[in-house]
Amino acid sequence: MIQRFIFLLFLVLGMQRVAGAEELKQFPAAIQISSTASDGSYSLSEIAAAVRKNNFSILIITERDLMRWQYGFWPFSRIMQKTVEEKSLFKYGIKRYLNEIQDLERKNPDLVIIPGVESAPFYYWQGSFWKGTLSLHDWHKHMLAVGLTREADYLYLPVVGNTRGLLLPWRLSNIWSILVPITLSVFGAWLCFSYGAKTFGIAFWALGFLLVWNNYPFRDSKFTQYQGGRGIMPYQNFIDYVKGHGGVTFWSHPEAENTQKVGWVKVETLSHEHDLYMAKDYTGFSVFYEGYEKIGIAGGIWDEVLSQYCRGARLSPVWAIAGLSFDADGDLSEALKDLRTVFLLHAPGKSEVLQALKRGSMYVSRGRNSSQFSLDSFMIIDAQTQTKGVMGETLASSGNIGIVLKGHFLNGQAQPFRIKLISNGKVIRSFETQGPVFDILFNTFADNKIRSYFRAEVESPGLACLTNPIFVSPITGGGK
């Protein structure tokens, strides 16, 4: 008991010492809204007005990049195809959109506005058009890409339907896509002029001409919609492309399922939470609305992926955000009151927000009381060195640590709080308290052999709040 009292005394003194450092401030963000530039019903200016009215500091817009479905008929699948296309960024004009974002920034200097896209990198067909059994798969398997700044970054997005983004370099084997149609055309001309077989000659010449047209630009694609399921490859390809161009990627709604009939075509996307195991180097996932039951819950897939990182089996952690997934349905102001991602920054700015996304410096909250809640502090302090770690950081520690968790309702309303502290996939401490404020301070021990992590959940009527993890790495031993 005396030892615990001494530790807590040192912890309080350490907190006082930490308080002298420059404090991080909270900036609420609305993430994943699309405008009339794609499939949304609100204009960009109306979105900005609603976001400001609800006291958000950051707006991340994610327009649908390409809403186009194509089914081609072999062997002329590129030129003889049925195409269905709806409003999207590619149809609206990428340069036009980016210019409008710049104009919106000038009109709203107090609002950080970052453009992005919601993308379906891949879909594929199964069944037969002729037999009436055609089905479209994985169209609703979406990813968010944020932080792409140039028009060319969008023009070459590697998604099905955007040919320029999927073309492979020219290879010697591609010569057959030129030689075969040219040979057919030459043979057809020879039949016409040498033997007078005009019907057969014209038929061969026309076939060759159509194949030249169909095969242009005489290069293979990384994948197409006619090859069946390709596993994680198209999504990993998308992740790698966005990362290579300075952006970040998040799985949009990994637990969502979608099955419907469009005419006589079946459209089906199954929940794809296990893709979080398969993919590497993505930035994170939307824990709300459709990412908590299997992924974000204690001991779920998120914890397993974080444990992979701690063991060195994954190069980077995975972070949680809240994605509104707001397009054409509902009242935007009401949606904004229900869900937010709160960034911890020294000052707001585009580069600061993107860096915070990359390092996990944010928490998420959901529910009718989420706009009235503030998570004032979540930090870990090493008992020996008195150094601290906050969300997204790694604290080098001797193993004896103190955890600080504070929050309150801005309106002063007294509410019951249920608080869980999760470490390495297990709930290690639970607390229940009543009031407008909670202030938890306790000590525990981190693994002194390998890296570990701690994250927290706070629940109250009308509120569900999740933090991103803090990592603790041994000062000596197996930590990295």
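## Close-up views of a predicted model

**View 1. Helix α2 and its surroundings.** The buried residues of α2 pack against β1 (25-33), β2 (58-64), α4 and α12 (332-336). Please keep in mind throughout that this is a predicted model. Which residues of α2 are buried? They are L44, I47, A48, A50 and V51. Looking down the axis of α2, you will find its buried residues within an arc of 165 degrees, so they line one face of the helix. Just beyond the helix comes N55, a residue with a positive phi near 65 degrees.

**View 2. Helix α2 meets helix α4.** Two packed helices are described by the angle between their axes and the distance between the axes. Here, α2 (residues 44-53) and α4 (residues 94-107) pack at an angle of about 35 degrees, and their axes are 10 Å apart. The crossing of this pair is right-handed. On the α2 side, the contact is made by L44, S45, A48 and R52; α4 brings Y97, E100, I101, L104 and K107. Sorted by character, the residues of this contact are 5 nonpolar, 1 polar and 3 charged. Two names may already be familiar from the first view: L44 and A48 are buried residues of α2, and both take part in the contact with α4.

**View 3. R230 in a loop.** To find R230, look in the loop between α7 (198-215) and α8 (233-244). Is R230 buried or partly exposed? R230 counts as partly exposed, because its relative accessibility is 30%, between the cut-offs of 20% for buried and 50% for exposed. The side chain of R230 is joined to that of Q227 by a polar contact of 2.8 Å. Setting aside residues up to four places away in sequence, R230 touches F122, K222 and F223. For a sense of scale, compare the position of V458: R230 and V458 are 228 residues apart in sequence, and their C-alpha atoms are 39 Å apart in space.

**View 4. S460 in strand β23.** This view turns to S460, which belongs to strand β23 (residues 452-460). S460 has a relative accessibility of 3%, so it counts as buried, the cut-off being under 20%. What lies 2.8 Å from a polar atom of the side chain of S460? The backbone oxygen of P416 does. P416 also appears among the residues in contact with S460, together with F409, Q415, F417 and R418, when neighbours within four places in sequence are left aside.

Notes. Residues are numbered from 1 along each chain as its sequence is written. This is a predicted model: local features need pLDDT of at least 70, side-chain atom pairs count only at pLDDT 80 or more; totals for chains, interfaces and linings use all residues. Side-chain values use heavy atoms; hydrogens and water are left out. Axes are lines fitted to C-alpha atoms, for helices over the stretch in contact, and angles run from 0 to 180 degrees between N-to-C directions. Helices (H or I, at least four residues) and strands (E, at least two) are DSSP runs, numbered from the N terminus. A crossing is left-handed if the near helix is turned anticlockwise from the far one by less than a right angle, and right-handed if clockwise. Contact means heavy atoms within 4.5 Å. Ala, Val, Leu, Ile, Met, Phe, Trp, Tyr, Cys and Pro count as nonpolar, Asp, Glu, Lys and Arg as charged, and the others, Gly among them, as polar. Buried means under 20% relative accessible area, exposed over 50%, partly exposed in between (1.4 Å probe, protein chains only). A polar contact is a pair of N or O atoms within 3.5 Å; within protein, one must be able to donate a hydrogen and the other to accept it, and residues adjacent in sequence count only if both atoms are side-chain atoms. The arc is that of the directions from the helix axis to the C-beta atoms.
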